[in-house]
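Me: I would like to examine how the terms applied to this structure are justified. Please set each value against its definition.

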Amino acid sequence: MTTYIITFVVFLLVIVAMAVGYIFQRKSVSGSCGGLDGIGIAKECDCPEPCDARKKREARALREQEWKKSQII
């Protein structure tokens with residue numbers, strides 16, 4: 001049981017130290033490697049044009065946006 005308590009206290013101290021560091025430095029948490037952009041991939045799938053499902057979603061969102069714009073009330 002003491003092992004669990006010691007482990008919990010250590011984790012708690014690490015979390016508190018990270019929180020204090022964040023509060024004083026005011027930096028947002030960021031990755032160290034830059035993600036996919038770091039290796040030259042601009043988007044997730046790196047394809048020349050979006051897939052059919054994405055085209056449908058974008059068309060539906062555009063229709064909804066136009067519909068909301070044309071509403072009177």
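Me: What is the accessible surface of the protein, and how is such an area obtained?
Reply: The accessible surface comes to about 7400 Å², of which 64% belongs to carbon and sulfur atoms. Accessible areas come from the Shrake-Rupley method with a 1.4 Å probe, and for residues only the protein chains shown count as cover. The model is a predicted one, in which local features need pLDDT of at least 70 and side-chain atom pairs count only at pLDDT 80 or more, while totals for chains, interfaces and linings use all residues. Residues are numbered from 1 along each chain as its sequence is written, and side-chain values use heavy atoms, with hydrogens and water left out.

Me: Why is phenylalanine 24 called exposed?
Reply: Buried means under 20% relative accessible area, exposed over 50%, and partly exposed in between (1.4 Å probe, protein chains only). Phenylalanine 24 has 69% relative accessibility and therefore counts as exposed. Of the 73 residues of the protein, 0% count as buried.

Me: What makes the region around Phe24 a nonpolar surface patch?
Reply: A patch is made of residues with over 30% relative accessible area and no salt bridge; nonpolar side chains (Val, Leu, Ile, Met, Phe, Trp, Tyr) are joined within 5 Å, and like charges within 9 Å. The patch here covers about 1400 Å², and its members include Met1, Phe8, Leu12, Tyr22 and Phe24.

Me: How do you know that α1 has the span expected of a helix?
Reply: Helices are DSSP runs (H or I, at least four residues), strands likewise (E, at least two), numbered from the N terminus. The expected span is 1.5 Å times one less than the number of residues. For the 24 residues of α1 this gives 34 Å, and because the end C-alpha atoms are 34 Å apart, the two values agree. Helix α1 comprises residues 2–25, and the protein has 2 helices and 0 strands. Just after α1, arginine 26 takes a positive phi of about 55°.

Me: Why do glutamate 58 and arginine 54 count as a salt bridge?
Reply: The term requires a side-chain nitrogen of Lys or Arg within 4 Å of a carboxyl oxygen of Asp or Glu. Their N to O distance is 3.0 Å, so the pair satisfies the cut-off of 4 Å. Glutamate 58 and arginine 54 are 4 residues apart in helix α2 (residues 52–70), about one helical turn. Glutamate 58 is partly exposed at 41%, as is arginine 54 at 43%.

Me: How many salt bridges does the whole structure hold?
Reply: The search finds 2. Glutamate 66 and lysine 69 also meet in one, at 3.4 Å, N to O.
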